[in-house]
Amino acid sequence: MKENKNLPYFITWTSQEKAQTLPLDKVDNDFFYGKGIKWLNLSSISYQASFGLKNTTILKAIKSQMDEFSLASPKHTYQLKEEVSKRLISKTGSGFKCFFTLSGSEGIENALKIARQFTKKKIILSQKNSYHGSTMGALAITGDWRQENHLLPRQWTKYFPAPATDPSGEKLEALILKIGPDNIAGICIETITGGNGVFIPPSSWYKAVAKIQKNYNILLILDEVVCAAHRTGPFFGFQNYKNVQPDLIVTAKAMTGGYFPQGVLFVSQKISKYYDKSTLSCGLTNYGHPLGLAAMKAVLDLTEEESFKKKVQKNVEIFTDFFNALKLCEIDCRHIGLLGAIEMNNKIKLKDLLDSGIYAGIQNGRIILAPNLLIPSKVLTKGLNDLGMVIHDKLT
Ligand SMILES: Cc1ncc(COP(=O)(O)O)c(C=O)c1O
């Protein structure tokens, strides 16, 4: 790891003088290689590489689409676009319509625009300690340090406490009554908080949210940018709970395995019908890009294979055993599916992991893990053993 002061491009989310970078010469499915060193990717880079760094099914699909056509207008209709949309919608279990985006931030932007346009209300409720993206609208509802010092319509965002401190949703309801439900367009939630700590809301909380949606006619926008595409088990994170009925679902990252920057905003029927007659004032030049659609189709193909469930299940067992062992050592940690957080109380730096050959997220003094869902079990076991040793060294 190196401090780089004079790069001809920016490094994100850091002062450029303190930016720490890693050399990259090549990758194989599970490792990054740079300057003769290799690092095991235990975070799917930033959650997007959920199917490895060299997934042949996805790469082949993109290459073969390149030979067909690589460019299309947002207004073009074609078989691949229709098939992928229908198959994606079938994952939601009910009638949604797809709006394609290029990133999670853009998914959130468009969800906010649609929620406000549809309801004709302005306020969005958002959770403290959340992240929703880097564009102005997405930052406006972000509840962590990344929104500071940006000029935002703050009066249009109100923050509610995390579910862990409000498991029955009483504080959330009190906030709604204080603001006045008639002023609130929607409530936006990371279904399961990702980078900010993998906090898994209790089912009582989602029950309360469902009641609030119904009683106060407030839209539920779920940010599934991290959770979607089986990161937490089922296709969507909300499918870990009963009877959660989102109005808008934002996805990106692993929906293409990260091989093409494309996401999907799922819009429920009640909202999408509104646009039969009203103008949808949303759009992007690269909307529904054919190469992104090809990557999404490949993700659907490979996650629907019989063997996929079995392979992921095996890895979830290994991951769960690792977390259970940490708990036995009284280490504060949480996990669901193949997403996990380990509280390190700032006793670890990214350099400590890299020195042990591991590439994973360190955020707010904790380790965040999100291995490739299809990582060979032996590689995962060895990687977690190595990680366990680093954790042990740092915490004892
Ligand atoms: C929960 C969540 N929402 C939205 C985003 C923004 O996605 P993107 O970086 O693709 O714009 C992220 C990115 O990390 C995220 O973790």
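Modeller: Ala, Val, Leu, Ile, Met, Phe, Trp, Tyr, Cys and Pro count as nonpolar, Asp, Glu, Lys and Arg as charged, and the others, Gly among them, as polar. The model is predicted: local features need pLDDT of at least 70, side-chain atom pairs count only at pLDDT 80 or more, and totals for chains, interfaces and linings use all residues. Numbering starts from 1 along each chain as its sequence is written, and side-chain values use heavy atoms, without hydrogens and water.

Biologist: What makes up the shell around the ligand, by class?

Modeller: Three nonpolar, five polar and three charged residues. A residue is near the ligand if one of its heavy atoms lies within 4 Å of it. Asp-223, Val-225 and Lys-253 are among the residues around the ligand.

Biologist: Which ligand atom does the side chain of Ser-105 approach, and how do you know that this is a polar contact?

Modeller: A polar contact is a pair of N or O atoms within 3.5 Å; within protein, one must be able to donate a hydrogen and the other to accept it, and residues adjacent in sequence count only if both atoms are side-chain atoms. An N or O atom in the Ser-105 side chain is 2.5 Å from an oxygen atom of the ligand, so the pair qualifies. Asp-223 has a polar side-chain atom 2.7 Å from a ligand nitrogen. Of the 390 Å² that the ligand exposes when taken alone, the protein buries 83% (Shrake-Rupley method, 1.4 Å probe).

Biologist: Why does Thr-251 count as buried?

Modeller: Buried means under 20% relative accessible area, exposed over 50%, partly exposed in between (1.4 Å probe, protein chains only). Thr-251 has 0%, so it is buried. Its side chain has a polar atom 2.8 Å from the backbone oxygen of Val-264.

Biologist: Why is the pair of Phe-100 and Tyr-287 called edge-to-face?

Modeller: Rings of Phe, Tyr and Trp (its six-membered ring) pair if their centres lie within 6.5 Å; planes under 30 degrees apart count as stacked, over 60 as edge-to-face and the rest as tilted. Phe-100 and Tyr-287 have 5.7 Å centre to centre and 75 degrees between the planes, so both conditions are met. The pair ties together parts 187 residues apart in sequence, because Phe-100 lies in strand β6 and Tyr-287 in the loop between α8 and α9. Phe-100 is buried at 2%, and Tyr-287 is buried at 15%.

Biologist: What makes the pair of Trp-205 and Tyr-206 edge-to-face?

Modeller: Their ring centres are 5.5 Å apart and their planes at 85 degrees, so the pair is edge-to-face. Trp-205 is buried at 0%, and Tyr-206 is buried at 3%.

Terms used
Helices (H or I, at least four residues) and strands (E, at least two) are DSSP runs, numbered from the N terminus.
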